[in-house]
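User: I'm new to reading structures and want to learn how the labels get attached. Can we go through one together?

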Amino acid sequence: MKWTDTQQIAEDLYDKFPDVDPTTIRFTDLHRWVMELDGFDDDPKRSGEKILEAIQAAWIEEAE
């Protein structure tokens, strides 16, 4: 999985953290959690605010 796999990342985060409200997550925590996902294999420096926002938005959608 790469940073651009926002939908897959969001689904995996939803499965791993079902009790977390994605609207309250800090980007520092989100970045760390994505890096810790099984199957994630991308450069930590390739993410930015835009990518993290996209992941967060997809996670919010997944949680609804």
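Analyst: Sure! Let's start with helix H2, where Asp 29, Leu 30, Trp 33 and Val 34 are buried. Keep in mind that this is a predicted model.

User: What puts those buried residues on the same side of H2?

Analyst: Look at how far around the axis they spread. They cover an arc of only 130°, so they sit on the same side of H2. There's a general reason behind such patterns: an α-helix has 3.6 residues a turn, so residues three or four places apart point the same way.

User: And what do the buried residues of H2 pack against?

Analyst: They pack against H1 and H3.

User: Which residues are buried in H1?

Analyst: In H1 you'll find Ile 9, Ala 10, Asp 12 and Leu 13 buried. Their arc around the axis is only 165°, which puts them on the same side of H1. The cover over the buried residues of H1 includes H2 and H3.

User: How do you know whether H1 and H3 are parallel, perpendicular or oblique to each other?

Analyst: Start with the numbers. Helix H1 (residues 6-16) and helix H3 (residues 49-63) pack at an angle of about 55°, and their axes are 8 Å apart. Roughly parallel needs an angle under 35 degrees, while roughly perpendicular runs from 65 to 115. The angle of about 55° fits neither of those ranges, and H1 and H3 are therefore oblique to each other. As for handedness, H1 passes H3 in a right-handed crossing.

User: Which residues make that contact?

Analyst: H1 brings Thr 6, Gln 7, Ile 9, Ala 10, Glu 11, Leu 13 and Tyr 14, and H3 brings Ala 54, Ile 55, Ala 58, Trp 59, Glu 62 and Ala 63. Sorted by class, the contact of H1 with H3 has nine nonpolar, two polar and two charged residues.

User: What about H2 and H3: what makes their arrangement count as roughly perpendicular?

Analyst: Their axes come within 10 Å and cross at roughly 80°. Roughly perpendicular covers 65 to 115 degrees, so the angle makes H2 roughly perpendicular to H3. On the H2 side, Phe 27, Leu 30, His 31, Trp 33 and Val 34 do the meeting, and their partners in H3 are Glu 49, Leu 52, Glu 53, Ile 55, Gln 56 and Trp 59. By class, the contact of H2 with H3 splits into seven nonpolar, two polar and two charged residues.

User: Trp 59 is in helix H3. Why does Trp 59 get the label it has, buried or exposed?

Analyst: Check the relative accessibility: for Trp 59 the value is 0%. Buried means under 20%, so Trp 59 counts as buried. Trp 59 also touches Ala 10, Leu 13, Tyr 14, Phe 17, Val 20, Pro 22, Leu 30 and Trp 33, leaving out residues up to four places away in sequence. Take Ala 10: its C-alpha atom and that of Trp 59 are separated by 4.4 Å, although the two residues are 49 residues apart along the chain.

User: How do you know whether Thr 28 is buried or exposed?

Analyst: Thr 28 is found in helix H2 (residues 27-35). Exposed means over 50% relative accessible area, and Thr 28 is at 58%, so Thr 28 counts as exposed.

User: And why is Thr 24 given its label, buried or exposed?

Analyst: Thr 24 lies in the loop between H1 and H2. The cut-off for exposed is over 50%, and Thr 24 has 57% relative accessibility, so Thr 24 counts as exposed.

User: Last one: Asp 42 is in the loop between H2 and H3. Why is Asp 42 called buried?

Analyst: The relative accessible area of Asp 42 is 15%. Buried means under 20%, so Asp 42 is buried. Not counting residues up to four places away in sequence, Asp 42 touches Met 1, Lys 2, Trp 3 and Met 35. The C-alpha atoms of Asp 42 and Met 1 are 7.2 Å apart, with the two residues 41 residues apart along the chain.

Note on methods
Residues numbered from 1 in each chain as written. Predicted model: local features only at pLDDT ≥ 70, side-chain atom pairs only at ≥ 80, totals over all residues. Heavy atoms only, no water. Helix = DSSP H or I, 4+ residues; strand = E, 2+ residues; numbered from the N terminus. Buried < 20%, exposed > 50% of the residue type's maximum accessible area, 1.4 Å probe, protein only. Axes fitted to C-alpha atoms, helices over the stretch in contact; angles between N-to-C directions. Parallel < 35°, antiparallel > 145°, perpendicular 65-115°, else oblique. Left-handed = near helix turned anticlockwise from the far one by under 90°. Contact = heavy atoms within 4.5 Å. Nonpolar A, V, L, I, M, F, W, Y, C, P; charged D, E, K, R; others polar. Arc of directions from axis to C-beta.
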